[in-house]
Each structure stands twice: as C-alpha cells, then as structure tokens.
Amino acid sequence: MKRTAALAGLIFVLAGCGSSGTSQLTVGAARTFALAGFSPTRFVAGKPTRLSFTIDQPSGKPLTSYKTGSGPHTGVHLIIVRSDLGALIHEHPPIGADGRIGETVTLPTPGRYRVVVDAYPNLSGPLRNFQLFRVITAPGTAPQEGLGPFHRTAVVSGYRFTMTNPPRLKAISPAFLTLDVVRPDGTPATFTPWFGALAHAIFFRSGSLDYFHTHVCSAGMTGCTSVLGSTRVTGTATKPGQLRVGVLLPVPGTWRLFLQCKVDGRVLTAPFVLVVR
C-alpha cells in the first residue's frame, strides 16, 4: 500500500528530515514529485549494479535543477538501508543534464532494502528538500541482526568512537551527542570533509524505517542546519577528534545512528543504538 506524504500548509519534510512515506511527495491538491523510471528493483547480492531514476516535478517534467555548493545540503543523497538496519549505503550520485540520476551500487547481502532519495531542488518557495522512497530486494537468505542494547563505544577498523555523557532523547526535541574519535594509536582523529560535511549522522527507526539525517560541519561553515517544523539543530566540530552531533528525531522508538566520517583517507561508519522517548 502506498502512502503519500501530504503537505497541507505546513511543510513537515524539511532540510535533514525524513518521513515514512513511500514513493511520492504531495504539494497541494494533486501535485506531486515522484520517482520515474526507477530501475532495477531486483538485485543480486555482491554484484555491482547500475541504479537509475529521475524525479518528476508536479508538472510532469523531470527535475533538472538542484542546489549546488560546498555544503552537504545539495544535489541528491542516495541512501539505502537493509530492513534489519544491519547495512547502509550512502552516495551522492551525479545528475545528468536531462535530470537522470544514476549510481552503481552493490547490495552486500540478500534481503529487503529501503531506498531513500533525499533531494535538494533549486526551486523558489519554502520547499528546502524532500524525500522519496522505494524498496529493492536481493534474493536469498537475509541476515537478521538484532540491534542489541545501547553502547557508548563503537570500534571500526581500529578507530574508537566514544559517546560522552549521552542525554535522554525525546522526540521533536533537539539534543546533542558528543563523540570522541581516536585512531588505533590513541591519537585524536583528524576529519576530512566528505560529501560536504565533516560527519554525516544518518538515523533510521527500527521496524518502520523512518529516516532522519543531520550533519557536522567545521566552525564557520554554512549549510549544515537541519530543520523539523520550527526547530533547528546544527552539528559542529571545534575540537580535534571530537564531533558534536545534532539529534532531532520526529517520533519515539528505537533508532540506529550510522555516524559516517572520513579519517586518514577512509570512510568509517560507526553504528549506535538510541532510544527516543
């Protein structure tokens, strides 16, 4: 069953925020942004495959103009998550002059995956960004990894991510997670900008796969604020090896945070389990 994310006067889907709609976004009566020519929907696990689509505007014409710049709120974020939240793919695919968007992706295992197309159109008006959704599959026996309990520390390729004094999180209430990141030798990590930010905080809710996305930027950098309704949150990094991650989740539940950053030439993804009241 498809559900349409309706916008009746108040725009809920704004910069960095995602809802649980499926494949189109409604803007007023019978006006929608929708994925078109989305192909394929069936993959072979471990095999690189070209995924492509366009976004049709309410007029029916392909969207060809997207925001550009040095910050992360540009172009299209292509995010693919396995339904058990055990695997994540995050790309910023190129956009052709005709609006066709394509990226080669490799699903790591069999299973059911949710595709999030998080778009930043270069259009006039209040619409900052929106998300469109699809489901793709890879046949075979899918892993079923439980989320497990909250842990303050995650170790990825020898790099240690440690959350200090985590706050109690509440839905629609801004909060910040402070994480110290150290190299295998114990020295503070040095972050390199990746896809326009020093770190990407990608959140998915267990079960429903609701989505939210915030960023961490260096001091003085613009275009990093995420918005939910009238509430805003901006992640920052002002101390070597430390990230201040903004959290602004729309509904209660158990969420997985995929914290991504580039350190020493490699992109690291550190998973954390968060409980939101």
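## Strands, salt bridges and a pocket in a predicted model

Strand β4 (residues 76–82) and strand β5 run antiparallel and are joined by 4 bridges. The model is a predicted one. Val81 has Leu88 in β5 as its bridge partner.

β4 and β5 belong to an open sheet of 4 strands. The strand order is β5-β4-β7-β8, and the pairing is antiparallel. β5 (88–91) and β8 (130–138) are the edge strands, each pairing on one side only. From one strand to the next, the twist averages 15 degrees.

Gln131 sits in strand β8. Is Gln131 buried or exposed? Its relative accessible area is 3%, under the 20% cut-off, so Gln131 counts as buried. The C-alpha atom of Gln131 is 9.6 Å from that of Val76. Along the chain, these two residues are 55 residues apart. In a regular strand, side chains alternate between the two faces of the sheet.

A second antiparallel pair is formed by strand β15 (residues 225–228) and strand β16 (residues 231–237), over 4 bridges. Thr225 has Thr234 in β16 as its bridge partner. The two strands, β15 and β16, make a hairpin with 2 residues between them. Gly229 lies in the turn and has a positive phi of about 65 degrees.

### Salt bridges

How many salt bridges does a search of the whole structure find? The search finds 4. Side chains of opposite charge can pair when their charged atoms come close. The table gives three of the pairs, with N to O distances.

| Pair | N to O distance |
|---|---|
| Arg82 and Asp84 | 2.7 Å |
| Arg183 and Asp264 | 3.0 Å |
| Arg205 and Asp210 | 3.9 Å |

The pair of Arg183 and Asp264 links distant parts of the chain, 81 residues apart. Arg183 is in the loop between β11 (175–182) and β12 (191–192). Asp264 is in the loop between β18 (253–263) and β19. Asp264 is partly exposed, with a relative accessible area of 41%.

Burial can be given for both partners of the other two pairs. Asp84 is buried, at 10% relative accessible area. Arg82 is buried as well, at 3%. In the pair of Arg205 and Asp210, Arg205 is partly exposed at 23% relative accessible area, whereas Asp210 is buried at 10%. Salt bridges with shared partners join Arg82, Asp84 and Glu145 into one network.

### Backbone exceptions

Most residues other than glycine have a negative phi, and most peptide bonds are trans. Some residues of this model depart from that pattern.

Which residues does a cis peptide bond join? The bond lies between Ser39 and Pro40, with omega about -5 degrees. Pro40 is in the loop between β2 (32–39) and β3 (49–56).

Asn165 is not a glycine, yet its phi is positive, near 45 degrees. Asn165 lies in the loop between β10 (159–164) and β11. Its relative accessible area is 67%, over the 50% cut-off, so Asn165 counts as exposed.

Asp264, the salt-bridge partner of Arg183, also has a positive phi, of about 55 degrees. Asp264 is not a glycine either. Its relative accessibility of 41% falls between the 20% and 50% cut-offs, so Asp264 counts as partly exposed.

### The second largest pocket

The second largest pocket has a volume of about 210 Å³. Its lining includes Phe150, Met163, Pro166, Pro167, Arg168, Leu169 and Leu177. Val273, Leu274, Val275 and Arg277 also line this pocket.

Which strand gives the most to the lining? Strand β19 (residues 266–276) does, with 3 residues. The lining residues divide into 9 nonpolar, no polar and 2 charged. Arg168 and Arg277 are among the lining residues, and Arg counts as charged.

Methods:
Residues numbered from 1 in each chain as written. Predicted model: local features only at pLDDT ≥ 70, side-chain atom pairs only at ≥ 80, totals over all residues. Heavy atoms only, no water. 1 Å grid on protein atoms, 1.4 Å probe; cavity = no way out; pocket = protein on both sides within 12 Å on 5 of 7 lines; lining within 4 Å. Points joined across faces, edges and corners; volume = space filled by probe spheres on them. Pairing = 2+ DSSP bridges. Axes fitted to C-alpha atoms, helices over the stretch in contact; angles between N-to-C directions. Salt bridge = Lys/Arg side-chain N within 4 Å of Asp/Glu carboxyl O. Buried < 20%, exposed > 50% of the residue type's maximum accessible area, 1.4 Å probe, protein only.
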